[in-house]
Amino acid sequence: MREFPEKFKKRMMNLLGEDFQNFERCVLTEKNVKGLRVNTKKISVSNFLKINPYNLKKLPYNADGFIFNDENIQMGGEVYHQAGMFYMQEPSAMIPVNSVKIKKNWKVLDLCAAPGGKTSQISNALANEGFVIANDIKFDRCKALVFNIERLGLDNVIITSSNSESLCKNFSNYFDMVLIDATCSGEGMFRKNPNFIETWSQKNIERCCDIQQMLLLTAAKTLKKDGLLVYSTCTFSLEENEQMIAQFLSAHPFELVEVDPKIVQNTAPGYAMNNEYEFSKMRRFYPHLHPGEGQFVAVLRKIISDGEEFCNCAQNKKCEIPNEVLAFLNSVGVSIDKDRLFIKSNKIWIIPKSHVILKNNVVSYGVKLGEIKNDSFVPDHAFFMAFGLEFNNIINFNGDEQKLKLYLEGKSFNWSCKNGYGVIQVNGCTLGGFYAKNNYVNSLYPKNLTNKDIFIKNE
Ligand SMILES: C[S@@+](CC[C@H](N)C(=O)[O-])C[C@H]1O[C@@H](n2cnc3c(N)ncnc32)[C@H](O)[C@@H]1O
């Protein structure tokens, strides 16, 4: 059996007292808990449950969230995953976003967003009235973020790859909510990734604290008065959690907010370090007490306004949209407000309804509609995924496994349908696009996704 590093053990014993043994047994001997969240942009929970092949149990604090009853997930839902019906997410990782009641028209910044679990949760809650800027410093991790947002068909997400200092300079008194899901020492992930146990060190905690301090500092100014700062980590160390928040509160005009009552019922209070702050408003999720891995969350409200609202973004000028693009939209029967169409270097984007166009380090302006290549328009997979429901040419597979397999392998097949572009759906959820001529369907499923066992990929 593995063992905890001696120093970590002492720290946890101080924190948990008699409960330490339960914690130790649970983390070192039990299997981690897996969960999924239904993507309500694509399918309702009730419709998903009608076709769901898994043995799932509902979570008490997330109407769309479930845990797998079996330790080993049985196969069967891979194609539903590829169609963006759900996102594999740790049950505890749903806690930070579920801690607040997000209003549909909010402007949200998700500062450390890759690979996008919480971004997609926020996007679902905004239901296309507001928008979320999802940022991550690591461009490579942003690729996974783009992949997930596309697969889920979300059209209210802007993706940037920037460090938080440069990004936050672009905003002041602007956001209704900023989520800092901070890089941390990952003690809460020991059960899921036992390798983290070997690499644990006090030095790493200190390194993470420096980053977290900087993240909080830069994010604070971007929030408007009454805006909410949601801070979360997947670690247990006091320095990165209660102490970090107490230090921040001592120097900034913010107050602690009570989290959603359902989260209170399913978490433990923060560790009371002194009488100065209401530490019980901060919440801890322990693997030996709750089904899931370790998590910490604190929600803070900004209590002053420090100036005018500012966003260093461009207004979408009325662009000359090439006729081929308009003809394409017309032919597939999808209508998009002209002022949501934005062109940059031959690429055509559908920006969120807020019309925000950021200027720097943008990875995705919204949904990529397509690209002009050699004078002709080539629609993008992201467009099919986000707007597939509105298409007038749909092939819906419910059980034709053979044809579905061919489609996912990027191969062509015969099918009686209209000529032109259309979308393939599985149980009413879009998997991707096709081009048909004379009942011969050409798969437009992206080559980089074909035959990939994406489901196994760790989100
Ligand atoms: C815990 S992960 C985020 C998980 C994500 N929120 C989710 O739910 O899928 C932390 C992320 O913070 C990013 N990060 C670290 N330092 C950063 C910085 N200074 N600015 C922006 N992102 C940063 C890391 O690259 C990493 O992807």
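The following exercises, with worked solutions, concern the chain and its ligand shell.

The model is predicted: local features need pLDDT of at least 70, side-chain atom pairs count only at pLDDT 80 or more, and totals for chains, interfaces and linings use all residues. Residues are numbered from 1 along each chain as its sequence is written.

**Exercise 1.** Determine how the radius of gyration of the chain relates to the globule rule.

*Solution.*
- The chain has 15 helices and 27 strands, where helices (H or I, at least four residues) and strands (E, at least two) are DSSP runs numbered from the N terminus.
- The radius of gyration, taken over C-alpha atoms, is compared with a rule of 2.2 Å times the number of residues to the power 0.38.
- For 459 residues the rule gives 23 Å, and the chain's value of 23 Å is close to this, so the chain is as compact as a globular protein of that length.
- The C-alpha trace spans about 75 × 55 × 35 Å along its principal axes.

**Exercise 2.** Classify alanine 246 as buried, partly exposed or exposed, and list its contacts.

*Solution.*
- Alanine 246 is found in helix α11 (residues 242–251).
- A residue is buried if 20 or more other C-beta atoms, placed from the backbone, lie within 10 Å of its own, exposed if 12 or fewer, and partly exposed in between.
- Alanine 246 has 19 other C-beta atoms within 10 Å and is therefore partly exposed.
- Two residues are in contact if their C-beta atoms, placed from the backbone, lie within 7 Å.
- Leaving aside neighbours within four places in sequence, alanine 246 is in contact with Met273 and Tyr277.

**Exercise 3.** Describe the contact between domain 1 and domain 2.

*Solution.*
- An automatic or database domain assignment supplies the bounds: domain 1 (6–302), domain 2 (312–389) and domain 3 (391–459).
- The contact takes 20 residues from domain 1 and 19 residues from domain 2.
- On the side of domain 1 that touches domain 2, α7 (139–152) and β7 (157–160) each supply at least two residues.
- The largest share of that side, 4 residues, comes from α7.
- By class, this side of domain 1 has 6 nonpolar, 9 polar and 5 charged residues. Ala, Val, Leu, Ile, Met, Phe, Trp, Tyr, Cys and Pro count as nonpolar, Asp, Glu, Lys and Arg as charged, and the others, Gly among them, as polar.

**Exercise 4.** Characterise the residues around the ligand by proximity and by class.

*Solution.*
- A residue is near the ligand if its C-beta atom, placed from the backbone, lies within 6 Å of it.
- Of the 19 residues around the ligand, Cys112, Gly117, Lys118, Ile137 and Asp181 come nearest.
- The shell comprises 8 nonpolar, 6 polar and 5 charged residues.
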